[in-house]
Amino acid sequence: MFEYVGVIHVHSIFSDGTGTVPEIAEAANEVNLDYLILTDHNTLRALNEGYEKWYGDTLLLVGVEINDRRNKNHYLAMNIEKPYSTRLEAKEYVRLVKEEGGIGFLAHPFEERNNLPQYPPYPWEEWNTDDFAGIEIWNHMSEWMENLTEDNKLQMALHPLKYIIAPSKKALEKWDEIAQRRPVTAIGGVDAHAHKVNVLGLFELEIFPYKVLFKSIRTHVLLDNPLKKTTSSHGIEKAKASVYKALENGSCFISNYYRGDARGFRFFAETEKSIFEQGATIFYRNDIKLVATLPEQAEIRLIANGKEILRKQKTALLEFTVTFPGVYRVEVYKRGKGWIFSNHIRIIN
Ligand SMILES: [Zn+2]
Ligand SMILES: [Zn+2]
């Protein structure tokens, strides 16, 4: 497998971000991102104006974050040609994105920030749909805002990465629940805007520069073939298709770079004859072994059908012989703080 590390869910000046697309691409390049998915609110201007391409070693792809007329049900839609109207019901745009051959992810579905009235939450409310490819289970901006109070806001603004601990529990629960019915991918997002905030009326602080945010929540995709850097539109389409295929199939995992570089993490199922990667659905048999390997020692937890069934401290290897069908995934922690969250391997009857 070929591993590529990227950042998903970024806003530019085409919606409410503060950076231009080339500035964002440059920041991504500086922190060695292999890909970046831009998702401005309700516009594909960056796509239409030709910004979808390689910038040095970074492939910049253009999706869109759609919302409904109440500004709820934010949806990260990718691999589509036109943004959908905010007059549509969420269920409609989720269906239309799929019909067009695109993929979509429920953005910050259980956002709960209620500490500051000027920053209301934007949760997902339309659960009567099954046409989405996945869920953004971890969103940097949501978690940061949820922890924000009048008293801690200076500390939080000075240390934008430090207080990011783990994905939302409710999002994990919902994701595990759906996965028991059908494949559903988890991705991580940063929701970067590079907003400038006036701190205590004293100075303007940019929370947070794109480059800083790009060192937090990342989504690693695992591909069968390497991505080729090219300026040809055919070549870009090909690279784009393989990144989106991996996201659609759950051949990916989420890491918080602030806790360490997770490149090299693997979680797979092994039988006598075959290897099955994250995102796979396989039939139960009695010789399936699950294996997780880490680039450095940490705490690994094995989760089956939403419940922790095994925990190992200070290890770089976890092995488990499967004795019952279920949807399996691993979580990795360093000193109690979330580092890596795998996608599921679904073992069904
Ligand atoms: Zn949003
Ligand atoms: Zn957003």
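What share of the contacts with a separation of 6 or more in the protein chain comes from residues 24 or more positions apart? In this predicted model, that share is 69%.

**Overall form**

The protein chain has 349 residues, and 46% of them are buried. Its secondary structure comes to eight helices and 20 strands. Along the principal axes, the C-alpha atoms fill a box of roughly 60 × 50 × 40 Å. The radius of gyration is 19 Å; a compact globule of 349 residues would have one near 20 Å, so the two agree.

**Helix α3**

Helix α3 spans residues 90-99. Its buried residues are A90, Y93, V94 and V97. Viewed down the axis of α3, they fall within an arc of 105°, so they line one face of the helix. Their cover includes β4 (58-66), β5 (75-78) and β6 (103-106). After α3 comes G101, with a positive phi near 95°.

**Positive phi outside glycine**

Most residues other than glycine have a negative phi. N42 and H108 have positive values.

| Residue | Phi | Loop between | C-beta neighbours inside 10 Å |
|---|---|---|---|
| N42 | near 55° | β2 (35-41) and α2 (45-48) | 14 |
| H108 | near 25° | β6 and β7 (134-139) | 29 |

Are these two residues buried or exposed, fully or partly? N42 counts as partly exposed, because it has 14 C-beta neighbours inside 10 Å. H108 counts as buried, because it has 29. The cut-off for buried is 20 or more. β6, which helps cover the buried residues of α3, also borders the loop that holds H108.

Methods
Residues are numbered from 1 along each chain as its sequence is written. Chains are lettered from A and ligands numbered from 1 in the order in which they are written. This is a predicted model: local features need pLDDT of at least 70, side-chain atom pairs count only at pLDDT 80 or more; totals for chains, interfaces and linings use all residues. A residue is buried if 20 or more other C-beta atoms lie within 10 Å of its own, exposed if 12 or fewer, and partly exposed in between; C-beta atoms are placed from the backbone. Helices (H or I, at least four residues) and strands (E, at least two) are DSSP runs, numbered from the N terminus. The arc is that of the directions from the helix axis to the C-beta atoms. Two residues are in contact if their C-beta atoms, placed from the backbone, lie within 7 Å. The radius of gyration is taken over C-alpha atoms; the globule rule is 2.2 Å times the number of residues to the power 0.38.
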